[in-house]
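This briefing is meant for a reader meeting the structure for the first time. Please look at the sequence and the fold together before reading the points that follow.

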Amino acid sequence: MAMNRNWNRRGFLGSAAAIAGAIFGSSRKMFAGPAGKESVTVKGFGQTGNPYEELGVTTVINCEGTMTMLGGSVLRPELEAVMAMAGRHFISIPALEVAAGKRIAEMLKLPDGYTALVTSGAAAAIQSGLAGILTGDNETYIKQLPDLTGLKSEVIIQKSHRNPFDHQLRSTGVKLIEIETRDQLRHAVSERTAMMHFTNFANAAGQIKVDEWPKLAKQYNLPCMNDAAADTPPVSHLWDYTNMGYDLVTFSGGKAMRGPQCAGLLIGRKDLVAYALLNNSPHEDTLGRSQKVGKEEIIGMVKAVELYLAEDHDALAKEWQDRLSGIAHELAKVPGVTTTFFTPDIANHVPHMQITWDSRIAASPAEVSKILRNGKPSIVIGGGEERPGLTMASFMLQPGEDKIVAEQLSRVLREHAA
């Protein structure tokens, strides 16, 4: 792709202007108005109503939850309709990002001085957030990443918080400095330290807990980020961590919020969010140029947040538990099978069920999982939460699928009774 060498400068200045407009309360409308809803008849590919089957790819009944490997979640029809409206117009992407972030911040009642940025997933939010901290609004630094010449080069993280997603931190060129104790943290802070990073799902594993981390960051005059990608519900987590004092917080958009799978949120201080945008698509010659998020996804995340906030979360939790209870009732009829319920403390904080069995059933959990995956319909269920047997969540099941799961799982277990 040919590069317009002048584009970066114009795009950079245009983004800065858009950010300034948002900070000073610009109210200019982004759209002239949605186009009328059109009736479309699909011919050729997609005409069967299941394009996956047309490609020879099997759709599955999802008992594992909002897994990226399975496509995240299922979009609500209302959200699909709003995204379709967005696809019928052209707009300035940086201006749209600023306006969308402002609306999301208002809906979440974020602290003064905070806003949001729609990214291409939580992983992109991690990378862009750190990139912005490293470069500020310096165009030269933005272009040179991951070359950290002249920049801070270290991020402090608890050893127990290391995980595959810190690859996004390392992609900026920084070195991760592992610590375990408060005293080690004190000695790790130096003029090279750019940020302190916290992995939310590992809160119980580290000595320094989620509420103390931002306090220590303030003590050392360092920005801090919290990766809370899968940590809704509860819905309050969307604002809890900014209220604790985190400068940046990341969330996945395609999990419990049921937004577009290729979208996420970076929530944080306006200046840091603005710098993150300058390091991201649509700007060329940036580390985040490959992490494009389209106008449809940006609009989709605004609508997803609105719909998520309006849900009856207690009623949903009861519905998910009732589905599991119904499956457990059928499995209890199979000799040797035991079911127990639990809800993870954090990350996918929804009702789960653990399914175990004794020697009366001559098949391992892995074997049962494989049989279900290869069956018709295909059911995806496996181990999880470091528990024996099979573990399932019901919150991504579609209406009626809980009965199919109960029937198929009971059948497989009975067929392997010793």
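**Helix, sheet and surface**

Helix 4 (residues 93-108) lies across strand 2 and strand 8 (264-269), and it runs at about 125° to strand 2. The model described here is predicted. The points below take up the sheet, then a buried threonine, and finally a patch on the surface.

The sheet
- An open sheet of 7 strands, with mixed pairing, follows the order 2-8-7-6-5-3-4.
- Its edge strands are strand 2 (114-119) and strand 4 (175-179), each of which pairs on one side only.
- On average, and with direction ignored, neighbouring strands of this sheet are turned by 25° against each other.
- Strand 6 (residues 224-227) pairs with strand 7 (residues 248-252) in the parallel sense over 3 bridges, and Asn226 stands opposite Val249 in strand 7.
- In general, strands of a sheet pair through backbone hydrogen bonds, in either a parallel or an antiparallel way.

A buried loop residue
- Thr66 belongs to the loop between strand 1 and helix 3 (77-86), and because its relative accessible area is 2%, Thr66 counts as buried.
- When neighbours within four places in sequence are left aside, the contacts of Thr66 are Gly72, Ser73, Gly254, Lys255, Ala256, Asn348, Phe395 and Met396.

A nonpolar patch
- Phe45, Tyr52, Leu55 and Val57 make a nonpolar surface patch of about 460 Å².
- Within this group, Val57 is placed in the loop between helix 2 (51-54) and strand 1 (60-62), and Val57 counts as partly exposed because its relative accessibility is 45%.

Note on methods:
Residues are numbered from 1 along each chain as its sequence is written. This is a predicted model: local features need pLDDT of at least 70, side-chain atom pairs count only at pLDDT 80 or more; totals for chains, interfaces and linings use all residues. Side-chain values use heavy atoms; hydrogens and water are left out. Patches are made of residues with over 30% relative accessible area and no salt bridge: like charges are joined within 9 Å, nonpolar side chains (Val, Leu, Ile, Met, Phe, Trp, Tyr) within 5 Å. Accessible areas come from the Shrake-Rupley method with a 1.4 Å probe; for residues, only the protein chains shown count as cover. A salt bridge is a side-chain nitrogen of Lys or Arg within 4 Å of a carboxyl oxygen of Asp or Glu. Helices (H or I, at least four residues) and strands (E, at least two) are DSSP runs, numbered from the N terminus. Buried means under 20% relative accessible area, exposed over 50%, partly exposed in between (1.4 Å probe, protein chains only). Two strands pair if DSSP finds at least two bridges between them. Axes are lines fitted to C-alpha atoms, for helices over the stretch in contact, and angles run from 0 to 180 degrees between N-to-C directions. Contact means heavy atoms within 4.5 Å.
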